[in-house]
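Reader: I have a model open and would like to go through a few parts of it with you. Could we begin once it is on screen?
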Amino acid sequence: MKHLNFAAMPAPAPVRWSTWALLAGLLLLVIASFATLPLKWGEFFSADAVRTSADFLHGFAPPELASPFLMKVGVATFETLAMSAIGTVIAAVLGALLALPASGRFGSLARNATRAVLNVLRSIPELVWASILLIAAGLGPFAGTLALALHTVGVLGRLFADAFENCPPLPATTLRINGARPAVAFLYATLPQCSPQMMSYTLYRWENNIRAAAILGVVGAGGLGQMLKYHLSLFQMQNAATVIVAMLLMVAAVDGLSYLLRRAMTR
């Protein structure tokens, strides 16, 4: 059995003082946050709080299982899935198009301008986008789909651009040396290398958009979230429990499907 010769290994890289200063600053920020927030841990774990929480949760049992209501939940589940899928597909297509100038293929000016647009798109949360688009598009899943698409364009566009920039240039350079045009070299060399990573990013964002689509209904964007808000506002806890269970099952199913697809692509 061979033993490692630690004496022959290179010395670890020195840690700069700025790194220690940053870590110390973050630690002080966490301590200051806990010190300034009025966290009432004693009241949270008191017997009265536990009893009130137990009574509240007891109202959710048993979930509503009437066939007409389950059909409504099924329709809302499909609506939520459709919102997330369509929003993700639109975002993937537009993100790939914007990733080309964002990766520096059309000059530094186009790169900086496109990345600024992507930063704005992803810095605005889906709920804010939905609140804005509800004014223009009205209540319903259309506004929710557009909200998911706009936010996800900013995320996927940045990820795709980084994938293009970090792609090994040797295959594309070889094609260029042999007379291929830049577009041909990109389609036959760069894109095939980056496509598995891009597909993995897209599937991951679809998982996130499933959860976001379920929440967007709270502001009137349709789907399960809108049903949940409606029944909770009327204190129909058993109906709300069925909607919550449908959300959990939907997210679990999509997570499992996404995992299987990513595993199949990486084999």
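Reader: How far apart do the end C-alpha atoms of residues 20-39 lie, and what percentage of the span is helix?
Author: In this predicted model, the end C-alpha atoms of residues 20-39 lie 29 Å apart, and the span is 85% helix with 0% strand. The unreviewed UniProt entry lists residues 20-39 as a "transmembrane region", along with 81-102, 127-150, 208-228 and 240-261.

Reader: And what about residues 240-261, how far apart are the end C-alpha atoms there?
Author: For residues 240-261 that distance is 32 Å, and the span is 100% helix and 0% strand.

Reader: Changing topic, where is Gln 236 found?
Author: Gln 236 sits in the loop between helix H10 (223-233) and helix H11 (237-265). Its side chain makes a polar contact of 2.7 Å with the side chain of His 231, while Phe 60, 176 residues away in sequence, is 8.4 Å from Gln 236 in space, C-alpha to C-alpha.

Reader: Why is Gln 236 called partly exposed?
Author: Because its relative accessible area is 29%, and partly exposed covers values between 20% and 50%.

Reader: Now helix H6, which residues are buried there?
Author: In H6, residues 126-137, the buried ones are Glu 126, Trp 129, Ala 130, Leu 133 and Leu 134. They lie on the same side of H6, because they cover an arc of only 140° around the axis.

Reader: What covers them?
Author: The cover over the buried residues of H6 includes helix H5 (108-123), helix H7 (141-166) and helix H9 (182-216).

Reader: And which residue follows H6?
Author: Gly 138 follows H6, and its phi is positive, near 85°.

Terms used:
Residues numbered from 1 in each chain as written. Predicted model: local features only at pLDDT ≥ 70, side-chain atom pairs only at ≥ 80, totals over all residues. Heavy atoms only, no water. UniProt positions renumbered as here; feature names shortened; annotations may be inferred. Helix = DSSP H or I, 4+ residues; strand = E, 2+ residues; numbered from the N terminus. Buried < 20%, exposed > 50% of the residue type's maximum accessible area, 1.4 Å probe, protein only. Polar contact = N/O pair within 3.5 Å; in protein donor to acceptor, adjacent residues only side chain to side chain. Arc of directions from axis to C-beta. Contact = heavy atoms within 4.5 Å.
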